[in-house]
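Okay, thanks for coming, everyone. I'll put the chain up first and then talk you through a handful of helices and some individual residues.

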Amino acid sequence: MKTIAVPGYGSLEVENVVLDLNGTVTESGDFIAGVLEDLQALRAGGFKIYILSGDTRGNLGQAFEHAPGIEAVVAKTAQEKKTFVESIGPDHTVCVGNGNIDVEMFKVAKLSICTVQAEGATTRAMLQADIVVTHIKHAIGVLLDPDKLIATLRA
Ligand SMILES: [Mg+2]
């Protein structure tokens with residue numbers, strides 16, 4: 001659990017980081033360069049890491065078997081993603097995603113970050129997010145450096 005006080009916004013107590021898989025940590029099915037190392041840095045920073053995917057290829061668990069501490073979870077719909085976030089404590093959860101399937105979990109999470117990068121993001125996901133970034137490494141960077149988060153969120 002990490003507590004970040006943001007002036008004019010409130011206090012964030014973040015325990016979980018939930019990330020969409022496709023278009024968020026992968027591009028065309030392959031991991032974005034450096035993303036697994038960045039996720040390990042997040043984990044070392046005290047966050048629990050979850051990756052949600054519809055697992056279309058049936059290899060979700062296999063994809064993360066060499067990534068200790070990252071829990072892969074099958075969630076095939078926006079509602080299933082939302083239900084998962086609700087089950088781990090939405091008030092202590094940051095969600096990261098890029099598509100319409102992420103909109104419902106964005107609504108219940110304490111903080112949501114939309115990342116655009118190569119596959120693009122939907123306008124619905126962008127409008128529901130608290131923060132929009134252009135690349136997953138920037139989303140993780142914001143979480144690792146409270147000063148960046150405070151500078152962006154403060155009002
Ligand atoms: Mg996606």
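Before anything else, a word on what I mean by a helix here: a DSSP run of H or I with at least four residues, numbered from the N terminus. And please keep in mind that this is a predicted model.

With that in hand, let's begin with helix α3, residues 78-88. Right after α3 comes Gly89, and its phi is positive, near 105 degrees. Which residues of α3 are buried? They are Lys81, Lys82 and Val85. They span an arc of only 100 degrees around the axis, so they sit on the same side of α3. Turn to the other side of α3 and you find Gln79 and Ser87, which are exposed. As for what the buried residues pack against, we have β3 (16-20), β6 (48-53), β8 (93-97) and α4 (103-108).

Let's follow that last partner, α4. Met105 is in that helix. Is Met105 buried or exposed? It has 28 other C-beta atoms within 10 Å, and the cut-off for buried is 20 or more, so Met105 is buried. Leaving aside residues up to four places away in sequence, Met105 touches Val18, Lys81, Lys82, Val85 and Cys95. You'll recognise Lys81, Lys82 and Val85 there as the buried residues of α3. Met105 and Ala129 are 24 residues apart along the chain, with their C-alpha atoms separated by 10.0 Å.

Another partner of α3 was β6, and Lys48 belongs to that strand. Lys48 has 18 C-beta neighbours inside 10 Å, so this one counts as partly exposed. Again not counting residues up to four places away in sequence, Lys48 touches Glu15 and Asn16. Val14 is 34 residues from Lys48 along the chain, and the C-alpha atoms of the two are separated by 9.3 Å.

Now over to the pair of α1 and α6. Helix α1 is residues 35-44, helix α6 is residues 136-144, and their axes come within 10 Å, crossing at roughly 15 degrees. Angles under 35 degrees count as roughly parallel, and α1 and α6 are therefore roughly parallel to each other. The crossing of the two is left-handed. Who makes the contact? From α1 we have Val35, Asp38, Ala41 and Leu42, and from α6 there are Ile136, Lys137, Ile140, Leu143 and Leu144. Sort the residues of that contact by character and you get seven nonpolar, no polar and two charged.

Staying with α6, the buried residues there are Ile136, Ala139, Ile140, Val142 and Leu143. Their arc around the axis is only 155 degrees, which puts them on the same side of α6. What covers them? The cover includes β3, α1, β8, β9, β10 (131-133) and α7 (146-153).

Let me pick Ala139 out of α6. Ala139 has 26 C-beta neighbours inside 10 Å, so it counts as buried. Its contacts, beyond residues up to four places away in sequence, are Val96, Ile113, Thr115 and Val133. Gly97 is 42 residues from Ala139 along the chain, and their C-alpha atoms are separated by 9.9 Å.

Strand β9, residues 111-115, was part of that cover, and Ser112 has its place in this strand. With 24 other C-beta atoms within 10 Å, Ser112 is buried. Ser112 touches Cys95, Phe106, Gln128, Ala129 and Asp130, once residues up to four places away in sequence are left out. Cys95, if you remember, is also on the list for Met105. From Ser112 to Thr24 we have 88 residues in sequence and 13 Å in space, C-alpha to C-alpha.

Last topic: backbone angles in loops. Ser28 isn't a glycine, but has a positive phi of about 55 degrees. Where is Ser28? In the loop between β4 (26-27) and β5 (30-31). It has 9 C-beta neighbours inside 10 Å, so Ser28 counts as exposed. Gln117 isn't a glycine either, and its phi is positive too, about 35 degrees. That residue lies in the loop between β9 and α5 (123-128). Gln117 has 18 C-beta neighbours inside 10 Å, so it counts as partly exposed.

That's my tour. Happy to go back to any of it.

Note on methods:
Residues are numbered from 1 along each chain as its sequence is written. This is a predicted model: local features need pLDDT of at least 70, side-chain atom pairs count only at pLDDT 80 or more; totals for chains, interfaces and linings use all residues. Axes are lines fitted to C-alpha atoms, for helices over the stretch in contact, and angles run from 0 to 180 degrees between N-to-C directions. Angles under 35 degrees count as roughly parallel, over 145 as roughly antiparallel, 65 to 115 as roughly perpendicular and the rest as oblique. A crossing is left-handed if the near helix is turned anticlockwise from the far one by less than a right angle, and right-handed if clockwise. Two residues are in contact if their C-beta atoms, placed from the backbone, lie within 7 Å. Ala, Val, Leu, Ile, Met, Phe, Trp, Tyr, Cys and Pro count as nonpolar, Asp, Glu, Lys and Arg as charged, and the others, Gly among them, as polar. A residue is buried if 20 or more other C-beta atoms lie within 10 Å of its own, exposed if 12 or fewer, and partly exposed in between; C-beta atoms are placed from the backbone. The arc is that of the directions from the helix axis to the C-beta atoms.
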